[in-house]
Amino acid sequence: MIAIAALFLVCLAYVQANPDGAPLAACAAIAPQSPQHNGSSQPLANSSYSLNVSQLTAAGGYTPGRTYTLVLTGGASQYKGLLVQGRRGTTPVGSFAAGNLVKPACSNTAVTHIDRSLKNNVPLIWTAPAAGTGSVVFSYAVVVQNSGGVNTYYATLTSPVIAEVGSNTSTPATVGGQACPVAQSSMTSLMLLMLLGIFAVHGIAAY
């Protein structure tokens, strides 16, 4: 009987573990980790959840070092868990503070829930990174409960690209998933040199 009771407690812990936020292992993937969550990933196209970054977009982007409020909303739907992180490529940038129903995670570069209660429109306090960081995208995951009472989740959802105000550092262009070897500013300089060369040739020919 004692052995059966111990086994039950182990199984219960398997399903109910980490009710107070995402574990460190979730930071890299921005997705719930097994065995902490026993649900299944849902198609992103079915998600009604979004990260409201209107405070940033209205300002034309972020100002380095300034603090902004983001809001994770499910529309008419609630959610149980969340994990949000600002990224430049795959590098975490900026920091989150503790707030209502949330706490910092992943060495303060992300924010997660503090309990499994149903919630919606949770405000998230984010401090922008240092100058020269460049464009930022927020990657996030949401854990929800379906009509059958089973946990499911949406992982690697993303926000619009948020530019750095007053910065010339843009998101690198990509070809086949690889960053282009020539930066945008270098391309502009190259085009100017080509135009000057064409004018010079025409000038000599006309002479």
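Start with the whole chain: of its 207 residues, 33% count as buried. This is a predicted model. Colour the chain by secondary structure. You should find four helices and 13 strands. Now think about contacts between residues at least 6 apart in sequence. Of these, 67% join residues at least 24 apart.

**Stop 1: confidence**

Colour by pLDDT. The chain averages 75, and 63% of the residues score at least 70. Select residues 171-193. Here pLDDT stays under 50, and the model has 13 contacts beyond four places in sequence for this stretch. Next, select residues 198-202. Their pLDDT also stays under 50. How many contacts beyond four places in sequence does the model have for residues 198-202? Zero.

**Stop 2: strand 3 and its partners**

Select strand 3, residues 67-73. Add strand 2, residues 50-52. The two pair in the antiparallel sense over three bridges. Now add strand 9, residues 122-127. Strand 9 pairs with strand 3 over six bridges, again in the antiparallel sense.

Zoom in on Val 71 of strand 3. Which residue stands opposite Val 71? Look for Asn 52. Then turn to strand 9, where the bridge partner of Val 71 is Pro 123. While the strands are on screen, show their side chains. In a regular strand, side chains alternate between the two faces of the sheet.

**Stop 3: the nonpolar cores**

Select Leu 51, Leu 56, Leu 70, Val 84, Leu 124, Trp 126 and Phe 138. These residues have the most contacts inside the largest nonpolar core, which has 27 residues. Which strands each supply at least two residues of this core? They are strand 3, strand 4 (81-88), strand 9, strand 10 (137-145) and strand 11 (151-158). Strand 10 gives the largest share, four residues.

Now select Ala 105, Cys 106, Ala 110 and Ala 141. They are among the seven residues of a second, separate core.

**Stop 4: Val 144**

Stay in strand 10 and pick Val 144. Is Val 144 buried or exposed? Val 144 counts as buried because its relative accessibility is 6%, and the cut-off for buried is under 20%.

Show what surrounds Val 144. Leaving out residues up to four places away in sequence, Val 144 touches Tyr 49, Gln 78, Tyr 79, Lys 80, Val 150, Asn 151, Thr 152 and Tyr 154. Pick Gln 78 from that list. In sequence, Gln 78 and Val 144 are 66 residues apart. In space, their C-alpha atoms are 7.2 Å apart.

**Stop 5: His 113**

Jump to strand 8, residues 110-113, and select His 113. His 113 has a relative accessible area of 4%, so it is buried. Follow the side chain of His 113. It reaches the backbone nitrogen of Leu 82 at 3.0 Å. The side chain of His 113 also makes a polar contact with the side chain of Thr 112, at 3.3 Å.

**Stop 6: the salt bridge**

How many salt bridges does a search of the whole structure find? One. To see the pair, select Lys 119 and Asp 115. Their closest N and O atoms are 3.6 Å apart.

Switch to a surface view and compare the two. Lys 119 is buried, with a relative accessible area of 3%. Asp 115 counts as partly exposed because its relative accessibility is 27%, and partly exposed runs between the 20% and 50% cut-offs.

Definitions and conventions. Residues are numbered from 1 along each chain as its sequence is written. This is a predicted model: local features need pLDDT of at least 70, side-chain atom pairs count only at pLDDT 80 or more; totals for chains, interfaces and linings use all residues. Side-chain values use heavy atoms; hydrogens and water are left out. Buried means under 20% relative accessible area, exposed over 50%, partly exposed in between (1.4 Å probe, protein chains only). A polar contact is a pair of N or O atoms within 3.5 Å; within protein, one must be able to donate a hydrogen and the other to accept it, and residues adjacent in sequence count only if both atoms are side-chain atoms. Two strands pair if DSSP finds at least two bridges between them. A nonpolar core is a set of buried Ala, Val, Leu, Ile, Met, Phe, Trp, Tyr and Cys residues joined through side-chain atoms within 4.5 Å. Contact means heavy atoms within 4.5 Å. A salt bridge is a side-chain nitrogen of Lys or Arg within 4 Å of a carboxyl oxygen of Asp or Glu. pLDDT is the predictor's confidence in each residue, from 0 to 100.
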